[in-house]
Structures are given as C-alpha cells and as structure tokens.
Amino acid sequence: MKRPSTISRPVEIGLRFIGMWPDSAYATLYWLIYMATMVIVQYYQYAYVLAHFDLSDIPLLMDCLGLTLAYTLAFFKLFALWWNRRTFYYIVKTMDRDWKECVINDSYQSTMMSVADLSRRCTNVMISINALAAFFLSIGEHLLQSMGNAAKVDNYSRELPIKMEFPFDVSESPTFECFLIGQFFYELVLASIVGMMNALLVSLILHVSGQIDIMRQDIDEISNSKNDPSTSLVVIKSLICKHQKIIILSENIENLYTYIALMQLLWNTLVICCTGFVIIITLGTNDSGTTSIKSVSFYLAITLEVFILCFAGEFLSAKSRSISDAIYESLWYNMPPTNSRILMFVILRSQKRLTITAGKVVDLTLEGFTSVRHYIEKCVFRHTGLCIS
C-alpha cells in the first residue's frame with residue numbers, strides 16, 4: 001500500500017521525471033537531459049524570432065515571441081526549483097513526519113486525508129487544463145489549418161505550431177509529420193510539468209492548511225480541559241510546538257517559491273501582453289478561428305498560473321489568521337492566569353500572517369492579482385487603439 005501523502009501521485013511522477021524527487025535514481029542525469037532538451041528547443045525558437053523580426057508583421061512576431069518567452073519562463077522556473085532542491089527535500093521530509101504523527105490520532109488522520117483528496121483533485125484539474133492548452137496549441141491548431149487548407153497541396157503553407165528556424169526544410173513529408181509529432185509530445189510534457197509545479201505549490205499550501213486545522217482541534221481541547229490546569233498546560237505546550245512547525249514549514253515553502261513567483265509575475269506580464277495583443281488584432285481576420293483557439297487557450301493557461309500563486313498566498317494568509325481567532329473564541333478566560341498569558345503570545349504571533357511573496361518584495365494576494373490583470377488589459381487595449389473602461 002502506498003504511503004499517504006498530500007503530494008499526489010501525478011506530481012510525484014513529474015518530479016521523478018525531471019530528477020527532483022528525493023532519493024530518486026539518476027536524478028541529476030534526468031534533470032540534465034530534460035534541461036538540455038529545453039535549451040536546444042529554445043535555441044531554434046529564438047533563431048526564428050531573430051530571423052523573422054519584422055515590425056511590419058506584428059501578429060507573427062507577437063505570436064512566436066509570446067510562446068518563446070513562456071518556454072523561457074518554464075526553463076527558469078525549473079532551474080530555480082533545482083537550485084532550491086535542498087529546501088524542497090526538507091519540506092518533503094517534514095510532510096512525511098507530519099503524516100506519521102497523524103497515524104496515532106484518528107481525528108488528525110481524517111483531517112489530513114480530506115486535505116490529500118482535495119490536493120489530488122486540484123492536481124488533476126490543473127494538469128488537465130495545461131494539457132488541453134498544449135493540445136490546442138499544437139495538434140488542434142494544425143488540424144484546423146489542415147481543414148482550412150484542404151484544397152491546397154502546396155507544402156510551403158504548412159507551418160509547425162512551435163515556430164522554429166531550422167537549417168533545412170521541414171515542410172516536406174514525412175519530415176514535417178515527424179517534427180509535428182515531436183513538438184506535440186514536447187509541448188504536452190512541458191505543459192504537464194508546468195501544471196505539476198503549480199499543483200505542487202497548492203499541495204504544499206493545503207498541507208499547511210491541514211496542520212492548521214489540526215492545531216485548531218487542539219485549541220478546542222483547551223476548552224474541554226478547563227477544569228484541569230495540568231492537562232491544559234500540556235495541550236498548550238503541544239500547541240506551541242505545532243505552531244512553530246507550521247511557521248517553519250510555511251517559511252520554507254515561501255523560500256522555495258518566492259523567486260519563482262517573482263519570475264512568474266514579471267515574465268507573464270510580457271507573455272500575456274503579447275498573447276492578448278495577438279487576440280485583439282486578429283479579430284475579424286481570416287485566421288481568427290485558428291488563432292483565437294490557440295491564443296485564448298494559451299492566454300487562459302498562463303493567466304491561471306498567476307491566479308494560482310495569488311490564491312495560494314491569500315489562502316495561506318487567511319488560514320494563519322484563523323489561529324488567533326480560534327484561540328480568542330476558546331474558553332481561555334476559565335484557565336489559570338499563567339496558562340492564559342501563554343496563549344496571548346500565540347495570538348500575537350498569529351497576527352503576523354503567513355504568506356508567499358514575489359521575491360520577498362510584495363505579498364501574493366487576490367487583490368494583487370486583480371490589479372496586475374487590470375493593468376495588463378489596459379496596456380493591451382491602449383496599444384491596439386481600443387478603449388477600456
């Protein structure tokens with residue numbers, strides 16, 4: 001039987017695939033092979049951007065540049081995750097230790113199992129959305145173009161979904177079909193890896209949330225033991241220890257994702273602007289069907305990445321504030337003054353909310369997400385000559 005864990009099986013498989021799972025065999029080799037593959041693809045992508053850098057054809061430039069920048073962001077995110085791999089290994093060991101402690105208490109185990117089920121469902125949704133966007137970006141666009149050009153037999157009109165500049169002609173069969181299939185699998189794997197990294201953050205935040213719920217259960221025990229000062233003191237000591245573990249775990253998660261979040265916000269601003277620009281200027285053109293399906297699905301996928309980061313930060317902050325509320329709502333006034341004074345320090349520490357920052361500069365919140373999104377939309381509409389309220 002597989003050990004219980006908040007990190008779902010698809011996320012673990014993805015981390016093993018890129019050589020990031022603790023104690024996995026040939027981890028460094030897997031990571032080097034995958035990163036080398038990304039570097040090769042990026043080389044041909046940027047070669048295409050430089051070869052077709054023409055301001056008179058802005059839609060093509062923005063289309064290929066947006067996808068190229070998105071792949072570059074994925075490369076930097078994977079590198080940042082590998083650079084902080086020791087922190088990640090410590091987080092995984094801490095989570096395993098938390099699960100072992102939950103086995104001795106049925107209530108704790110029930111709470112963490114519900115968190116694990118929620119984590120698994122969120123993982124499936126996020127990876128599926130990214131995989132669907134990869135399908136429309138590669139095979140879906142090619143199929144629509146093939147149906148639109150069914151009467152044409154000229155191979156020159158055939159283009160790969162991921163724009164690359166090769167030193168040889170790839171429009172002839174069967175070379176074109178081989179590259180098309182290769183790009184489809186590459187895009188599908190990369191999209192799944194990016195979705196896996198987002199799902200990993202959600203899983204870590206949900207684990208912290210489960211530990212906070214367990215801590216709130218311990219706070220309820222304080223009310224039940226109000227007539228026994230010695231029992232309430234034991235519960236308070238364990239409460240402080242759990243709170244300290246939650247704070248350390250949250251800080252490690254923040255250290256793991258802070259620079260990933262900073263790159264995500266800054267880089268995705270450029271990618272979303274390029275993609276939104278393509279969507280706006282292709283409306284009403286002959287290629288609006290294929291371009292809209294590809295660009296809109298890509299736009300939604302990269303916007304979802306920013307939303308997940310901001311939602312995770314907001315959720316963690318709200319959960320951390322709930323600790324002080326739970327203590328204040330307990331029957332602390334029926335406790336001996338010595339014990340109640342100890343709880344005051346727990347309330348004071350809980351008021352310094354846990355959060356995730358972007359480069360330790362700005363907190364990730366839903367308010368910040370709406371502000372960034374509104375700013376990007378204003379930039380896109382302003383540069384296309386349209387109005388926005």
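## Cysteines, core and cavities

Cys 122 is partly exposed, at 25% relative accessible area, while Cys 178 reaches 53% and counts as exposed. For these labels, buried means under 20% relative accessible area, exposed means over 50%, and partly exposed is in between, using a 1.4 Å probe and protein chains only. If you were wondering about disulfides, the count is zero; a disulfide here is a pair of cysteine sulfur atoms within 2.5 Å.

Keep in mind that this is a predicted model, where local features need pLDDT of at least 70, side-chain atom pairs count only at pLDDT 80 or more, and totals for chains, interfaces and linings use all residues. Residues are numbered from 1 along each chain as its sequence is written, and side-chain values use heavy atoms, with hydrogens and water left out.

**The overall layout**

The chain has 10 helices and two strands. Helices (H or I, at least four residues) and strands (E, at least two) are DSSP runs numbered from the N terminus. Reading from the N terminus, the order is α-α-α-α-α-α-α-α-α-β-β-α. Of the 389 residues, 49% count as buried. Looking at contacts (heavy atoms within 4.5 Å), residues 24 or more positions apart make up 79% of those with a separation of 6 or more.

**The nonpolar core**

In soluble globular proteins, nonpolar side chains tend to be buried together. Here the largest nonpolar core holds 86 residues, and Leu 15 and Leu 204 touch the most other members. Helix α6 gives the most to this core, with 20 residues. A nonpolar core is a set of buried Ala, Val, Leu, Ile, Met, Phe, Trp, Tyr and Cys residues joined through side-chain atoms within 4.5 Å. Leaving out residues up to four places away in sequence, Leu 204 touches Ile 7, Ile 91, Met 95, Ile 253, Leu 256 and Tyr 257.

**The cavities**

There are five cavities of 30 Å³ or more, and the largest has about 220 Å³ of space. It is lined by 19 residues, and the closest to its centre are Ala 70, Val 194, Phe 298, Ile 302 and Glu 305. A cavity is a set of points on a 1 Å grid over the protein atoms alone where a 1.4 Å probe fits but cannot get out, and lining residues have an atom within 4 Å of a point. Grid points are joined across faces, edges and corners, and the volume is the space filled by probe spheres set on the points.

Which helices supply at least two residues each of the lining of the largest cavity? They are α3 (58-83), α5 (106-148), α6 (175-224) and α8 (288-329). Helix α3 gives the most, with six residues. By class, the lining has 14 nonpolar, two polar and three charged residues. In this scheme Ala, Val, Leu, Ile, Met, Phe, Trp, Tyr, Cys and Pro are nonpolar, Asp, Glu, Lys and Arg are charged, and the others, Gly among them, are polar.

**Two residues of helix α7**

Val 234 sits in helix α7 (residues 229-281) and is exposed, at 56% relative accessible area. Its C-alpha is 9.5 Å from that of Ile 222, with the two positions 12 residues apart in sequence numbering. His 243 also belongs to helix α7. Is His 243 buried or exposed? At 8% relative accessible area, His 243 is buried. Not counting residues up to four places away in sequence, His 243 touches Met 215, Ile 323, Val 346, Arg 349 and Ser 350.

**Backbone oddities and the strand end**

Most residues other than glycine have a negative phi, and most peptide bonds are trans. Two non-glycine residues with a positive phi are set out below.

| Residue | Phi | Place | Relative accessible area |
|---|---|---|---|
| Tyr 26 | about 55° | loop between α1 (9-17) and α2 (27-51) | 61%, exposed |
| Lys 360 | near 60° | loop between β1 (357-358) and β2 (362-363) | 46%, partly exposed |

The peptide bond from Ser 173 to Pro 174 is cis, with omega near 0°. Pro 174 is in the loop between α5 and α6.

Finally, Asp 363 lies in strand β2 and is partly exposed, at 30% relative accessible area. Asp 363 and Gly 313 are 50 residues apart in sequence, yet 7.3 Å apart in space, C-alpha to C-alpha. Setting aside residues up to four places away in sequence, Asp 363 touches Arg 353, Thr 355, Ile 356 and Thr 357.

Definitions and conventions
On a 1 Å grid over the protein atoms alone, a cavity is a set of points where a 1.4 Å probe fits but cannot get out, and a pocket is an open set with protein on both sides within 12 Å along at least five of seven lines; lining residues have an atom within 4 Å of a point.
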